[in-house]
Amino acid sequence: MSCADADDQLWSISPKGKVTILLKDYQGHKFNGPNDVWVRPDEGIYITDPYYQRDYWTRKQPDLDGQKLYFLAKGKAPAVMVDDKFVRPNGIIGTPDGKTLYVADIGDNKTYRYDINKDGTLTNRTLFIAMGCDGMTIDEHGNIYMCGKGVTIVNPKGEKIGHIDIDEPWTANICFGGKNKDVLFITASKAVYTFKMNVKGVD
């Protein structure tokens, strides 16, 4: 899955490099620039769509009114808007049971938790932590890893329980990988970092 913001689209890329365009617009308007996605167990996709003016774009302003969260059901384009109450949504992750979604509003320095409904809609929007972030991931205990200034680790209650210091200005994306999903991969301003963990990821 790729947020192809050079084209303001959402792509699926096969292991052989074949690109399938899943989304190219919303109601005839260009997306702001799909930024992050989470694929739930039934293959429905949640997409954050903030607006960051890129120097390689020819356009100089958004085509949509607002920066929002969208849901794309498996094989059911077009996408539907599921929350519009953001300044600038960015990082997103869900629980492996498909019941809970976390979305960071980096523009308002907050992260929200939702209950996920089968039809893709969201209910019970609650403040998870007064902190925004870039990329996010989750471990087997439900702890959330939030990128930005290093990596902040937050337990399911929204309490900070740890921090991974990275000697760079910014960390942008994060995931667990490796054969046993116990290696943490972090992309930062100038390099990619890996950490062998005592916990495993589930995303």
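## Exercises on a predicted model

In this predicted model, the ring-pairing rule gives a count of 8 aromatic pairs.

**Exercise 1.** Classify the ring pair of Tyr 26 and Phe 31 as stacked, tilted or edge-to-face.

*Solution.*
- A pair of aromatic rings is described by how far apart the centres are and by the angle of the planes.
- The ring centres of Tyr 26 and Phe 31 are 6.5 Å apart, and the planes meet at 40°.
- Planes under 30 degrees apart would count as stacked and over 60 as edge-to-face, so the pair of Tyr 26 and Phe 31 is tilted.
- Both Tyr 26 and Phe 31 are buried.
- Tyr 26 and Phe 31 form one aromatic cluster with Tyr 70.

**Exercise 2.** Classify the ring pair of Tyr 145 and Phe 176, state which strands hold the two residues, and decide whether Tyr 145 is buried or exposed.

*Solution.*
- The centres of the two rings lie 5.4 Å apart with the planes at 90°, so the pair of Tyr 145 and Phe 176 is edge-to-face.
- Tyr 145 belongs to strand β13 (residues 144–148) and Phe 176 to strand β16 (residues 171–177); with these positions 31 residues apart, the pair links distant parts of the chain.
- The cut-off for buried is under 20% relative accessible area. Tyr 145 has 3%, so Tyr 145 is buried.
- Phe 176 has a relative accessibility of 6% and therefore also counts as buried.

**Exercise 3.** Which rings lie under Arg 125?

*Solution.*
- One ring is that of Phe 86: Arg 125 lies over its face, 5.3 Å from the ring centre.
- Another is the ring of Tyr 112, where the charged end of Arg 125 sits 3.8 Å from the centre.

**Exercise 4.** Describe the surroundings of Asp 49, including the nearest side chain of opposite charge.

*Solution.*
- Asp 49 is part of strand β5 (residues 45–49).
- Asp 49 is buried, and the nearest side chain of opposite charge is Arg 59, 6.7 Å away.
- A salt bridge requires a separation within 4 Å, and Asp 49 has none.
- The side chain of Asp 49 does reach the backbone nitrogen of Gly 33, at 2.8 Å.
- Beyond four places in sequence, the residues touched by Asp 49 include Phe 31, Gly 33, Lys 68 and Tyr 70.

**Exercise 5.** Is Ile 116 buried or exposed, and how many residues apart in sequence are Ile 116 and Thr 100?

*Solution.*
- Ile 116 lies in strand β10 (residues 110–116).
- The relative accessibility of Ile 116 is 12%, so Ile 116 counts as buried.
- Ile 116 and Thr 100 are 16 residues apart in sequence, and their C-alpha atoms are 5.6 Å apart in space.
- Thr 100 is also one of the residues that Ile 116 touches beyond four places in sequence; among the others are Trp 38, Arg 40, Tyr 46 and Leu 122.

Methods
Residues are numbered from 1 along each chain as its sequence is written. This is a predicted model: local features need pLDDT of at least 70, side-chain atom pairs count only at pLDDT 80 or more; totals for chains, interfaces and linings use all residues. Side-chain values use heavy atoms; hydrogens and water are left out. Helices (H or I, at least four residues) and strands (E, at least two) are DSSP runs, numbered from the N terminus. Buried means under 20% relative accessible area, exposed over 50%, partly exposed in between (1.4 Å probe, protein chains only). Lys and Arg count as positive and Asp and Glu as negative; His and the chain ends are not counted. A polar contact is a pair of N or O atoms within 3.5 Å; within protein, one must be able to donate a hydrogen and the other to accept it, and residues adjacent in sequence count only if both atoms are side-chain atoms. Contact means heavy atoms within 4.5 Å. Rings of Phe, Tyr and Trp (its six-membered ring) pair if their centres lie within 6.5 Å; planes under 30 degrees apart count as stacked, over 60 as edge-to-face and the rest as tilted. A charge sits over a ring if NZ of Lys or CZ of Arg is within 6 Å of the ring centre and within 35 degrees of the ring normal.
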